[in-house]
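Open the model in your viewer and set it to a cartoon view. The stops below say what to select and what is there.

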Amino acid sequence: MCGIVGYIGNKKANPILIDGLLALEYRGYDSAGIALIDNGKINVFKEKGRVKNISLNNNMDTATGNVGIAHTRWATHGKPSQENAHPHMDNSKMFAVVHNGIIENYSELREFLKKKGYHFDSETDTEVIPNLIHYYYQDCNNFLEAFNRTLNDLKGSYAILVISPLFEGVYVAKMASPLVIGEGNNENFIASDIPAILSYTKEFYFLNDGEIGYITKQEIKFYNNKLEKIVNEKKVIEWDKNAADKDGFDDYMLKEIYEQPRAIKETLAGRVVLNNSCNFPDLEIDKNYLEKIKRVYIVACGTAMHAGLVGKKAIEQLCNITTIVDVASEFRYNKPIIDDETLCIFISQSGETADTIAALKLAKSNNAKTIAISNVLGSSITREADYVVYTHAGPEIAVASTKAYVSQVATIIGMAIYFAEILDTLDKKEIEKIKTELLDLPSKIDKVLDNTKEIIDIAKNITNETNAFYIGRGNDYNIALEGSLKLKEISYIHSEAYPAGELKHGPIALIENDTYVIGIITNSDICEKTLSNLEEVKTRGAKIVLISNVDIVNEDMIIVNIPQINSILAPIVAIIPLQLLAYYIAKNKGLDVDKPRNLAKSVTVE
Ligand code: M6R
């Protein structure tokens, strides 16, 4: 979704802003723009389409100015167009603003401003912001006060940057949309996402909801909404800049698929240790509390929700606690039964997913303990939850989530083992066995990644298909769901995931000659049953690809063998060939795998 970058220092702002916008391209957008203060006036350059269009169409090399703000827009109010692209200015061209989020009461504010004589050049909700600032500034002649009065009028979500020839720096504010400030040496940076400015600094301040920041090249000041000065803590991000580069791979997605063994090692490091209790120091959860828990809710969206489904199996099987998984956008409307005997776990790679954050707020207001599992330090969800467990997967840039998924699954299984140790629900030998297998996952993934030829060949056969089915039972069904999501989001092939036994209750009607059905079998206890379901579709003409770690000989199926592992952990290994399959099919179709159509990396609207 929309991305923001800001710069103030002694260097030319333009290349730094463009560089930041390019780093944010993965979020998904349809127009982009920059505003610079140059010789006491604001210059705005904006275009529909890609970031490169701004430079191509505007002779940008000549653009000077050491202060600037920039934006990539993912259209919500008003079509993708040059007029609707950010930055937006007030009628007097005194203030330029970039904004992420949605101003819910913009129509009302627009009407108010129109009555005061203001006109609007775009269809956006954002354009009310610079004009309101101007309106209040006329009244009080003090920018900070005018800005604060404007913010008090806004309903909805925002991360806002403002520049003006009236002041030297950049004013920023946020409410339910991410914003970070990176500290440099005689220069400072602002961004909606850390990777945009990671090549310039590793020292970051995080703005909290309702706060205002004023950033000059030498100073970073913060104010609360009463305009009192406050102090925000500086945090050092350990992410390596190369982690946000393609590092020789054709696409971020492929690079991130290959980073999965390392991501899991980082996730488990220090937490899951053999012959020792698990260690989750940030979770202040004791035996008394866990014994009192009646149910666990796991709430998330998309791939993170699929990780939650695997987590449910682990928590139920290892800790014997009823666990319910819900899609975050549905959670609030499902009237969940939450009280102080409910533990709610929220999973979000970005930590900015609006639906997940809203669900977390609901759980907190009903007195549940909340745990956020996230990949992004200081993200909104981590600041809302009672406890935070970071996945430490490193920056995930491709829209299709891969390494975040495996690290989320590893995190939640690690937590389940930790709870089982506290509750004493499992035999010590069993616990050591599963820990050993968990720690052995990176080498098993490496084995799959070392042998991709088979998958590349299968991908060639599926490339021109329009439909596919993924089936499995138990955790294999959870793998099917995630494999199917990967295929549809990057290859645009319609695919459905079904519990293997459910196919004959309707969807089998869709099986025709040569329809591809991808089966998953990672549990010998249910192997025969899934095999029978595969036979049912085979007899109706389907072509079968089977991902399996059980010894199966069947000449009617293309069988991709993967390493043997406990069925609780199997999704982490079995998902790898399915990620690769989706990737190679999308590549064969010539699609942009990192930035699939209509999708955004972090979904900050409900
Ligand atoms: O940042 P989050 O983990 O909260 O994102 C949730 C989903 O939007 C995300 O997993 C989405 O489904 C991915 N594009 C799937 O690959």
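Start with the largest pocket: select Cys301, Gly302, Thr303, Lys601 and Val603, which lie nearest its centre among the 30 residues that line it. Bear in mind that this is a predicted model. The space in this pocket comes to about 590 Å³.

Now colour the pocket lining by residue class. Its residues divide into 13 nonpolar, 12 polar and five charged.

Which elements each supply at least two residues of this lining? Select helix H9 (302-319), strand S18 (342-348), helix H11 (354-365) and helix H17 (475-491), and you have them. Of the contributors, H9 gives the most, with five residues.

**From the pocket to the parallel sheet**

Keep S18 selected and add its sheet. Five strands make up this open sheet, in the order S17-S16-S18-S19-S20, and their pairing is parallel. At the edges are strand S17 (322-327) and strand S20 (387-390), each of which pairs on one side only. Between neighbouring strands of this sheet the turn is 20° on average, direction ignored.

Next, select S18 together with strand S19 (residues 369-374). The two run parallel and are joined by six bridges. For one residue pair to label, take Cys344, whose bridge partner in S19 is Thr370.

Two helices can be shown against these strands. Helix H13 (residues 403-423) packs on the sheet and touches S16, S18, S19 and S20. The direction of H13 makes about 160° with that of S18. Then go back to H9, the helix that gives the most to the pocket lining. H9 lies across strand S16 (295-300), S17 and S18, and runs at about 175° to S17.

**The antiparallel sheet**

Hide these elements and move to another sheet. In what order do the eight strands of this open sheet come? The order is S3-S2-S4-S1-S10-S9-S11-S15, with antiparallel pairing. Select strand S3 (41-48) and strand S15 (234-236) to find the edges, where each strand pairs on one side only. On average, neighbouring strands of this sheet are turned by 20° against each other, direction ignored.

For a view of one strand pair, select strand S2 (residues 31-38) and strand S4 (residues 67-73). They run antiparallel, and seven bridges join them. End the tour by labelling Ile37 and Val67: Val67, in S4, is the bridge partner of Ile37.

Technical notes. Residues numbered from 1 in each chain as written. Predicted model: local features only at pLDDT ≥ 70, side-chain atom pairs only at ≥ 80, totals over all residues. Heavy atoms only, no water. Pairing = 2+ DSSP bridges. Helix = DSSP H or I, 4+ residues; strand = E, 2+ residues; numbered from the N terminus. Axes fitted to C-alpha atoms, helices over the stretch in contact; angles between N-to-C directions. 1 Å grid on protein atoms, 1.4 Å probe; cavity = no way out; pocket = protein on both sides within 12 Å on 5 of 7 lines; lining within 4 Å. Points joined across faces, edges and corners; volume = space filled by probe spheres on them. Nonpolar A, V, L, I, M, F, W, Y, C, P; charged D, E, K, R; others polar. Contact = heavy atoms within 4.5 Å.
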